[in-house]
Amino acid sequence: MNKLKITIKGVEFKNPIVIASGPAGFGEEFFEYLSPSEIGGFTTKTVTPFPKDGNKPPRIVYVRSGLLNSIGLQNPGIKIFESRIAPKLPKTTRRIISIGGESPDDFSDLTSRIEEFCDMLEINLSCPNVHSKGVIAADGKLSKDIISACRERTNKPLIVKISPDLNVVEQSRVAKESGADIINVANSIQGTRFNVETGQPFLKRINGGLSGPAFMPIILWKVYQVKEAFPDLPIIGLGGVTTSRDVVEYAIAGASLVGVGAEAMINPKGIPAIVRGVGEFLKRKKMNFEDIVGAAHKGGFE
Amino acid sequence: MKDFKYSKDGEFLLVDVPYDDFGSAKDTSKIRENVFPGQFFMVKTPVGPYVPRPFSVYDLKDGMLRFLIKSGGEFEHFFKNSSKIVIDGPFGNPMPILEHPLLLSGGAGYAPIHFYAMRYEFKEMVVGARDEAFFELVDVPTSSVSTVEPTTVLDVAKFSPLENVIACGPVPMLEKTAEIFKDRNLYLVMEEKMACGRGMCEGCAIMTKSGIKFVCKDGPTFPANEIMDVSAGHSAVEENSNEQIEDHDQRR
């Protein structure tokens, strides 16, 4: 029996490792380094109604144990995505398509057009690098309208990706009440760095999203908080995973699926070893992955 | 396993890393065919940095890859504390093979230029550095010209009549090169901060006349007349300044 298997809202994942939206693009280059059948799920880069050039360079700053990025949702837009990219997404892994936009109409239109190509949809309400007024998730009413509009258009499971810069329990409540099935905790956290020689920011857009192991404890705590508030709401824990031990920690905090972002980007060939490591852990502990989800809320392993 | 040598002033280092990716070739002398001038590897040690750093290949000989690295960055900090180097690559496109090109380099920008000149036996080259210590570290063919500050590469190169030119070096040098040789067939080897090195993350964007391109996947060598703003890479390349200060604090 496959100890790694987990079923969320009727969708079976062969293991809980899900590649996060962004770092692996649409998979074209990524799947040169590993087979899609080795990972539980793959999330596409966020697709928007129109093509987006992304932000002006520089877009990346290295920081200790992480990196700051300011890509700005560069993508070819829904038209090219639905005709050339979506039909080719590998079916040997669970396909999650991430969508982004401005209005409820943007999101509901995208939902209708892509739902046939995916196993789950991810509504990105929290990209730190696009809206000048801040992330959509900061506006509870707009978030609610967007999620409800998507809910009307599909029966497939809806994931809502929230921001770690705002109250995660409140965002999760809005998402749940608006019809979301799963919460992705979370997008990258906002940060910046300045060049001490010039007195200017390194990133053209000043701020960017921090990812990498530097911020894993912060997200782990947020996953714990959401699980504590909504024990029945499945969570994708996402932030700073580099080892199988990290995956287990996220499950303990309450994540049913565990996202891998930056690590998938810098070492795609290393992902299967992370999956294997989780399997070995479960074997040693004589448990299934489903048994360890939320263990911290039940006083640890029995 | 690693082997390395610093320049006398400590500003640069040459690092040797065994390269045993034979591909399908059984004969080790064929290895050279797998790696081309202009290509780069993502380099780190088992203890860091978290994001591997892209370094252009300086040379590949007898199964040994050589990199020319400017000191003061985070990579060097980890390099000093680890006996092992981890490489991933090669990535990026080879430099175009031009007829009788003039090759220009400044500082660590000599790495791809050196490999290019060695591989194809090109001889017209002007190599610039801040001081003589650089030239005691690297090997420069006797047929080429070396310059040290205050003389710059372009003080010499501007007199060359050659039509084909390739340059790699600091951003101000590339900006000036683009200006002086705007009517020639000029290629620039560009630098930008990278995360994946393989065209997925879209971090190393560069604005070109045919839209956004990526230094890792579409470059790193671009026709100069395609690049919209050579200076855009300024702040990315200068990031080392913060790392240098942090390193200084630790030494005290």
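Guide: Before we start, a word on pairing: two strands count as paired if DSSP finds at least two bridges between them. Also, this is a predicted model.

Visitor: Fine. Which strands make up the barrel in chain A, and in what order?

Guide: There are eight, running S3-S4-S7-S8-S9-S10-S13-S14, and they close into a barrel with parallel pairing. From one strand to the next, the twist averages 25°.

Visitor: How many bridges join S13 and S14 of chain A?

Guide: Three, between S13 (residues 235-238) and S14 (residues 257-260), which run parallel. For a concrete pair, take A:Gly237: its bridge partner in S14(A) is A:Val258.

Visitor: What does helix H6 of chain A touch when it packs on that sheet?

Guide: H6 (residues 244-253) touches S3 (17-19), S13 and S14 of chain A. The direction of H6 makes about 135° with that of S14(A).

Visitor: And chain A as a whole, how many helices and strands?

Guide: Nine helices and 14 strands. The C-alpha atoms fill a box of roughly 55 × 50 × 40 Å along the principal axes. Of the 302 residues in chain A, 55% are buried.

Visitor: What radius of gyration would a compact globule of that length have?

Guide: Near 19 Å for 302 residues; chain A comes out at 18 Å, so the two agree. As for contacts between residues at least 6 apart in sequence, 69% of those in chain A join residues at least 24 apart.

Visitor: On to chain B. How many helices and strands there?

Guide: Seven helices and 14 strands. Chain B has 252 residues, and 44% of them count as buried. Take the contacts in chain B with a separation of 6 or more: residues 24 or more positions apart account for 60% of them.

Visitor: Where do the domains of chain B fall?

Guide: Domain 1 covers 3-22 + 36-91, and domain 2 covers 102-232. Taken over C-alpha atoms, their centres are 19 Å apart.

Visitor: How many residues are in contact across the two?

Guide: 22 residues from domain 1 of chain B meet 24 from domain 2. On the domain 1 side, the elements giving two or more residues are S2 (12-18), S3 (40-45), S4 (48-61) and S5 (64-70) of chain B. S4(B) gives the most to that side, with six residues. The residues on the domain 1 side split into 13 nonpolar, three polar and six charged.

Visitor: What's the strand order in the six-stranded sheet of chain B?

Guide: S1-S2-S5-S4-S3-S6, an open sheet with antiparallel pairing. S1 (3-6) and S6 (86-91) of chain B are the edge strands, each pairing on one side only. The average twist from one strand to the next is 30°.

Visitor: How many bridges hold S1(B) to S2(B)?

Guide: Four, and the two strands run antiparallel. B:Lys5, for instance, stands opposite B:Leu14 in S2(B). Packed on this sheet is helix H2 (residues 110-120) of chain B, which touches S4 and S5 of chain B; its direction makes about 30° with that of S4(B).

Visitor: Now the chain–chain contact. How many residues of each chain are involved?

Guide: 26 residues of chain B are in contact with 28 of chain A. S4, S12 (205-208), H6 (234-237) and H7 (240-251) of chain B each supply at least two residues on the chain B side. There, S4(B) gives the most, with four residues. The chain B side comprises 14 nonpolar, five polar and seven charged residues.

Visitor: You listed S12(B) there. What does S12(B) pair with?

Guide: With S13 (residues 211-214) of chain B, in the antiparallel sense over four bridges. S12(B) and S13(B) form a hairpin with two residues between them. In that pairing, B:Met207 stands opposite B:Ile212 in S13(B).

Visitor: One last residue. Which helix holds B:Phe135?

Guide: H3 (residues 133-137) of chain B.

Visitor: Why is B:Phe135 classed as partly exposed?

Guide: Because B:Phe135 has 16 other C-beta atoms within 10 Å; the buried class begins at 20, and exposed means 12 or fewer. Setting aside neighbours within four places in sequence, B:Phe135 is in contact with B:Ala129, B:Val140 and B:Ser146.

Visitor: How far apart are B:Phe135 and B:Phe75?

Guide: 60 residues in sequence, and 23 Å in space from C-alpha to C-alpha.

Technical notes: Residues are numbered from 1 along each chain as its sequence is written. Chains are lettered from A and ligands numbered from 1 in the order in which they are written. This is a predicted model: local features need pLDDT of at least 70, side-chain atom pairs count only at pLDDT 80 or more; totals for chains, interfaces and linings use all residues. Domain bounds come from an automatic or database domain assignment. Two residues are in contact if their C-beta atoms, placed from the backbone, lie within 7 Å. Ala, Val, Leu, Ile, Met, Phe, Trp, Tyr, Cys and Pro count as nonpolar, Asp, Glu, Lys and Arg as charged, and the others, Gly among them, as polar. Axes are lines fitted to C-alpha atoms, for helices over the stretch in contact, and angles run from 0 to 180 degrees between N-to-C directions. The radius of gyration is taken over C-alpha atoms; the globule rule is 2.2 Å times the number of residues to the power 0.38.
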